[in-house]
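Trainee: Before we begin, could you show me the structure and let me ask how each term is justified?

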Amino acid sequence: MTVSSAFDLDAFGRRHIGTSPSDHGLMLAELGYDSLDSLMAAAVPTSIRMGDVLNSAIPPAATEREALEELASLASQNTVRTSMIGLGYYGTVTPAVIQRNVLENPGWYTAYTPYQPEISQGRLEALINFQTLVCDLTGLDTANSSMLDEGTAVVEGMLLARRASKSTSNRFIVDADLFPQTLALLESRAEAVGIELVVADLGEATDVADLGEHFGLFVQYPGASGRVWNPASVIAASKAQGGLVVVAADLLALALITSPGELGADIAVGTSQRFGVPMGFGGPHAGYMAVRAGLERQLPGRLVGVSKDVAGAPAYRLTLQAREQHIRREKATSNICTAQVLLAVMASMYAVYHGPRGIRHIATQVAAKARLLAGWLEEIGQHVAHDAYFDTLRVHVPGIAKHVVERARALGIDVWEADDATVQVSVDETTTWEDLQAVVRAFGFDDAPFRAGSGSLPNAIPEALRRTSSYLEHPVFNTHQSETQMMRYLKQLADRDYALDRGMIPLGSCTMKLNAATEMQAVTWPAFANLHPFAPAADAVGSLGLIEQLETWLAEVTGYDTVSLQPNAGSQGELAGLLAIRGFHHANGEDERTVCLIPSSAHGTNAASAVLAGMRVVVVATDALGNVDLDDLRAKIAEHAETLAALMITYPSTHGVYEHEVKDIAQAVHDAGGQVYVDGANLNALLGFARFGDFGGDVSHLNLHKTFCIPHGGGGPGVGPVAAKAHLAPYLPGHPMAQRADHSGGFVHGGGPVSAAPYGSPSILPISWAYVRMMGSEGLKQATATAVLAANFVASRLREHFPVLYTGDNGLVAHECILDLRPLTAATGVSVDDVAKRLVDYGFHAPTMSFPVAGTLMVEPTESEDLAELERFVEAMVAIKAEADAVASGEWPADDNPLVNAPHTAESVITGEWTHPYTREQAVYPVHSLVRGKYWAPVRRVDQAYGDRNLVCACPPIEAFA
Ligand SMILES: *Cc1c(COP(=O)(O)O)cnc(C)c1O
């Protein structure tokens, strides 16, 4: 490879890749190679290397301006009409102060999941605000943050009911008045795990005894048809026979109607989209789930709690993590890893900004507009189906529904054709007087506009269901209602956190690379942001075109035939891929193939996803070099030959090495009739050099929020496309409301959905599109090579201080390296935790801790860091090693040294008497030159166990922080 066009003066690659060609010379010399080419030739096994550069499917690199022009041209092919389609997606106003200071602020969007609580207090506070918002509005005790969308949250609610119910029945009763996409999700997910769905017309008069035994029951509240009814007696009766009740509730409606908790529900789920998060043609948005007391340990997803630091000060942290996949694997409460943090932050801030009175006002206005519209429609002789409703009107128009929808479209409005006799119209925060008048015209009334005041019907929320309980009384929702206060609150929280805007985040397996400003630009363009996910195909030409191009490019770089962008995270891509394998075996009449082989070193989501796909996990051992133990693998294949469904293998391995045997392994699985799932979250080590499809993979997921530059958002959003060979295409996720049946290459995806929206989270796809477009195939290859160079450079520099645990050919690692701290811990008592927290004092985010091997740190520098930052990290690690040695030599006592006391807050070095055997300067400016733009941790080390024992997962009283 020559120094390519990626480094031309006007090339984007030069900005994306942090090191320059002359840096590469220095770094390669350190490693003993004379070119990136020779390094990659030595690192990547020849047996898997692809021949030529990526073919013509990927156009040559565009400049930043060219890429934006092309995106603008795609955007111009969308037609954004006023959407009154509803079905869980509504127009909303993103307060500008939130758009600018959260959504468009790298201090928020480039942060990682808050596993290191000391450097994440800002986003943890925002998330606990989200949990408080959800608890308050749903009337339940504990809420998580967050779910991937409403539809999958309903599925998780069903699975939670299954886990927690004592009933032996496998039946789940489903309210017939539910969103169609939710029904499709329930159907495909229930089938995979052997749950029988019973769809029933539920109402106040329903005799639950007639529904038979069941472990759970689901109510949509208000109903998909807009109906507001009181499910209290149905809930009580279901619970009395041993069921748990899941209610999907509209958060805005809950400002006016009685909460699910007060009605007796065990679990409430839904979406927070209409709290200031644009529809985005489907996503991303934060789903929510809340449970009554006693079920909190069963909650899927992440939960923020209050604990305290070593000084006794209150501090936030992720709590009850022991429920999660990285610990519990196939017994985890769900496979959700990346969630929707950035969107949960936005929704919580919408509530912080508007406060309880503002939220009630918005809800009241929505309800009033719906009443006004209903009144007008009745005046012109239309029949509105329900007397009690919040925002959605169902209108019977036998035989002319299509005609009404077309008339509305001509007037600039999309309404929903529920069937040929029924039209639905949903009103939202953005609906104007003119919109309402246009709707009336669409129903056939052509006269002059209505006058204000005419039409309006009395309150459409029955007296008995009007909300009387209060909500959002905590001071945080009653303090920041001027824009100045709001701006400062957001700044104050962002300042507590360490994100990529401060320095490197060398988290192995997470690929924290640059999220370029140009890539982010189109996310908030109205033409992409304001499309409803079920808008007619003709309105979404630009978005569908962008999706098709991205599908084509991703198929090309992975060596597969077809790609689905529907999964909303890597975990959901895994599930989609495994469900496709299941569908394939079933179609071949091989229902008995249910065993999924998973190496012990695999990411925890793999095992959790396999269980959700109805498979049985069999663990394969790892050998001393960190590779899959071939003997054990062959033995397990032989043992389960008749029932083998799949092998799930990560490439390069989670140990950061290129395994040689992968082709043989794939062959052995195929010979036994199994399918090969290659976890492609580590594609950053391979892109442009080898393709999963070429070395035996049948299906893979990628993480666009790792390799393809979608920012981590503090723990989501994500996109986890699933890519597969042609034989699996019919079983990839489809969707009943998809605008297009076929995908790039003409493949039809016929499986059940894995997300509520047909294309998952399209509003963030322009990020990955722009990355590929601006890098071109040569730039992508350069990025891979420089990422591998950076990892090997760091490994080489640190090797004499910390052993590098696993290496492949020629002593090289792939894109990340595992530093083994166990010898150090054994010799000095200094733990991985101590080193990770001490890095904070030096101004760094810790690498990945104790994954995939306990007692180690996994470092992934990525291609985006510059040489000075890499050097700074190396020096910090070397200095920390020297500090540990000083503990070992007895210079500092084991229980009082800068490592065990890290991180040091400003307060801890300023106030009170200094009693430690090291100086204040050693505490906070250990190597002065390394500590640039000093980051001060806002809390000292957080007591993890205390928070689990004393569970507080909503906003604590303000006095706690005084
Ligand atoms: C990150 C990762 C996943 C999970 O991805 P999410 O988007 O967090 O669900 C799965 N496998 C591997 C190897 C990963 O690194």
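Mentor: What follows is a set of questions about two domains and a ligand, in a model that is predicted.

Trainee: What makes Asp-391 and Arg-274 a salt bridge?

Mentor: The closest N and O atoms of Asp-391 and Arg-274 are 2.8 Å apart, and the rule asks for a side-chain nitrogen of Lys or Arg within 4 Å of a carboxyl oxygen of Asp or Glu, so the pair qualifies as a salt bridge. Between domain 2 and domain 3 the count is one salt bridge, and six residue pairs across that interface are in polar contact.

Trainee: How do you know that domain 2 and domain 3 touch, and which residues of domain 2 lose the most area?

Mentor: Contact requires heavy atoms within 4.5 Å, and 19 residues of domain 2 meet this towards 22 residues of domain 3. The area buried between the two domains is about 1600 Å², with 66% of it from carbon and sulfur atoms. On the side of domain 2, Ser-225, Val-228 and Leu-256 lose the most area to domain 3, together 35% of what that side buries.

Trainee: Why is the approach of Thr-338 to the ligand called a polar contact?

Mentor: An N or O atom in the side chain of Thr-338 is 2.6 Å from an oxygen atom of the ligand, and because the limit for such a pair is 3.5 Å, the name applies. By that limit the side chain of His-705, at 2.7 Å from a ligand oxygen, also qualifies, as does a polar side-chain atom of Asn-703 at 3.1 Å.

Trainee: How much of the ligand does the protein cover?

Mentor: Of the 380 Å² of accessible area that the ligand has on its own, the protein covers 98%.

Definitions and conventions: Residues are numbered from 1 along each chain as its sequence is written. This is a predicted model: local features need pLDDT of at least 70, side-chain atom pairs count only at pLDDT 80 or more; totals for chains, interfaces and linings use all residues. Side-chain values use heavy atoms; hydrogens and water are left out. Buried area is the accessible area (1.4 Å probe) that two parts lose on being put together, summed over both. A polar contact is a pair of N or O atoms within 3.5 Å; within protein, one must be able to donate a hydrogen and the other to accept it, and residues adjacent in sequence count only if both atoms are side-chain atoms. Accessible areas come from the Shrake-Rupley method with a 1.4 Å probe; for residues, only the protein chains shown count as cover.
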